[in-house]
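Open your viewer and keep the selection tool at hand. Each stop below tells you what to pick and what you will find there.

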Amino acid sequence: MPPARRKKGNPTSAARAQQPLSFNARSNKITKPSVIAASKNLDKANTKKLVEAAEISSPSPAAEEVDVQIKEQPTTAELAIRSQVEAEKKERTDAEAKASKITDAQVKRYWKKKEEERKAPRVHQQGLSVEEKVLREFDLSSQFGPCVGIARTKRWKRAEALGLKPPLEVLAVLLKADNKNSAQVQRAYVDELMSSKFITS
């Protein structure tokens, strides 16, 4: 059955109570209290005392110690990468033997070849070393799998085991940098960005 229609001659009580809208009337103007009026009520002497107290106060030494302690603690991602690096150091493969023979000149030639493939030069990498550029390019190559939460050497070996043919130059850079600061080199830059700690003072 179709819904019943209302009769025109008998308006409901809600319709009678509603007023027609008028857009040009001054009574419809909406105002809100201004901040200036509220600030006039403040006493000038009290504000001076507050400003002086804020200038005199300095951070306590205990707060500074807490900040230092927080910065020195490694994140869970860093701990996982360190454990992966230690596990990978125990296993020595034929690919690592080949990669250890690659010189810095060969790595630079590899990077120059990669740069020639591009249509435009990389803009935001002028301050980076060739080794860091090679590692970041490996991080962003999705054909070798995800780079977050896994050590670079483990990712390279996994890609090799899957037959994806990752470049030996990347492993060479990782092996040479492994002696310097393994935890920092083994962690992908994207992983650092995604799990970084923001400490505010």
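A salt bridge here is a side-chain nitrogen of Lys or Arg within 4 Å of a carboxyl oxygen of Asp or Glu. Keep in mind that this is a predicted model.

**Stop 1: the whole chain**

Show the protein as a cartoon. You will see eleven helices and zero strands. Read from the N terminus, the elements run α-α-α-α-α-α-α-α-α-α-α. Now colour by burial. Of the 201 residues in the protein, 25% are buried. Switch on the surface. The accessible surface comes to about 16,100 Å², and 55% of it belongs to carbon and sulfur atoms. What share of the contacts with a separation of 6 or more comes from residues 24 or more positions apart? The figure is 61%.

**Stop 2: the salt bridges**

Side chains of opposite charge can pair when their charged atoms come close. The structure holds six salt bridges. Three of the stops on this tour are below.

Select Glu96 and Lys157. They form a salt bridge, with 2.8 Å between the closest N and O atoms. This pair links distant parts of the chain: Glu96 sits in helix α6 (residues 94-100) and Lys157 in helix α9 (residues 152-161), 61 residues apart. Are these two residues buried or exposed? Glu96 is buried, at a relative accessible area of 4%. Lys157 is buried too, at 14%.

Next, select Asp104 and Lys176. Their side chains meet in a salt bridge, 3.3 Å from N to O. This pair also links distant parts of the chain. Asp104 belongs to helix α7 (residues 104-117), Lys176 to helix α10 (residues 168-186), and 72 residues separate them. Asp104 is partly exposed, with a relative accessible area of 42%. Lys176 is partly exposed as well, with 33%.

Then pick Arg122 and Glu115. The closest N and O atoms of this salt bridge are 2.6 Å apart. Glu115 is partly exposed, because its relative accessible area is 24% and partly exposed residues fall between the 20% and 50% cut-offs.

**Stop 3: rings and charges**

Select Phe138. How many aromatic pairs does the structure hold? There is one. Phe138 and Phe144 form it, and the pair is tilted: 5.4 Å centre to centre, with 35° between the planes. Phe138 counts as buried at 1% relative accessibility. Phe144 is buried at 5%.

Stay on Phe138 and add Arg155. Arg155 lies over the face of the Phe138 ring, 4.5 Å from the ring centre. Now move to Arg136 and Tyr189. The charged end of Arg136 sits over the Tyr189 ring, 3.6 Å from its centre.

**Stop 4: helix α9 and the core**

Select α9. Its buried residues include Arg152, Thr153, Arg155, Trp156, Lys157 and Ala159. You have already met Lys157 in its salt bridge with Glu96, and Arg155 over Phe138.

Focus on Trp156. Which residues does Trp156 contact, leaving aside neighbours within four places in sequence? They are Ala95, Phe138, Pro166, Pro167, Leu168, Val170 and Leu171.

Widen the selection to the largest nonpolar core, which has 20 residues. Val134, Leu135, Trp156, Val170 and Leu171 touch the most other members. Which elements give two or more residues to this core? They are α6, α7, α8 (130-139), α9 and α10. The most comes from α10, with eight residues.

**Stop 5: after α9**

Step off the end of the helix. Just after α9, Gly163 takes a positive phi of about 80°. Go on to Lys165, in the loop between α9 and α10. Most residues other than glycine have a negative phi. Lys165 has a positive one, near 55°. Lys165 counts as exposed, at 72% relative accessibility.

**Stop 6: Arg92**

Finish at Arg92. Where is Arg92 placed? It is in the loop between α5 (76-90) and α6. Arg92 counts as exposed, with 58% relative accessibility. Show its neighbours. Not counting residues up to four places away in sequence, Arg92 touches Ala97, Ser100 and Leu175.

Definitions and conventions
Residues numbered from 1 in each chain as written. Predicted model: local features only at pLDDT ≥ 70, side-chain atom pairs only at ≥ 80, totals over all residues. Heavy atoms only, no water. Helix = DSSP H or I, 4+ residues; strand = E, 2+ residues; numbered from the N terminus. Buried < 20%, exposed > 50% of the residue type's maximum accessible area, 1.4 Å probe, protein only. Phe/Tyr/Trp six-rings, centres within 6.5 Å; stacked < 30°, edge-to-face > 60°. Lys NZ or Arg CZ within 6 Å of the ring centre and 35° of its normal. Core = buried A, V, L, I, M, F, W, Y, C linked by side-chain atoms within 4.5 Å. Contact = heavy atoms within 4.5 Å. Areas by Shrake-Rupley, 256 points an atom, 1.4 Å probe, with all protein chains shown as cover.
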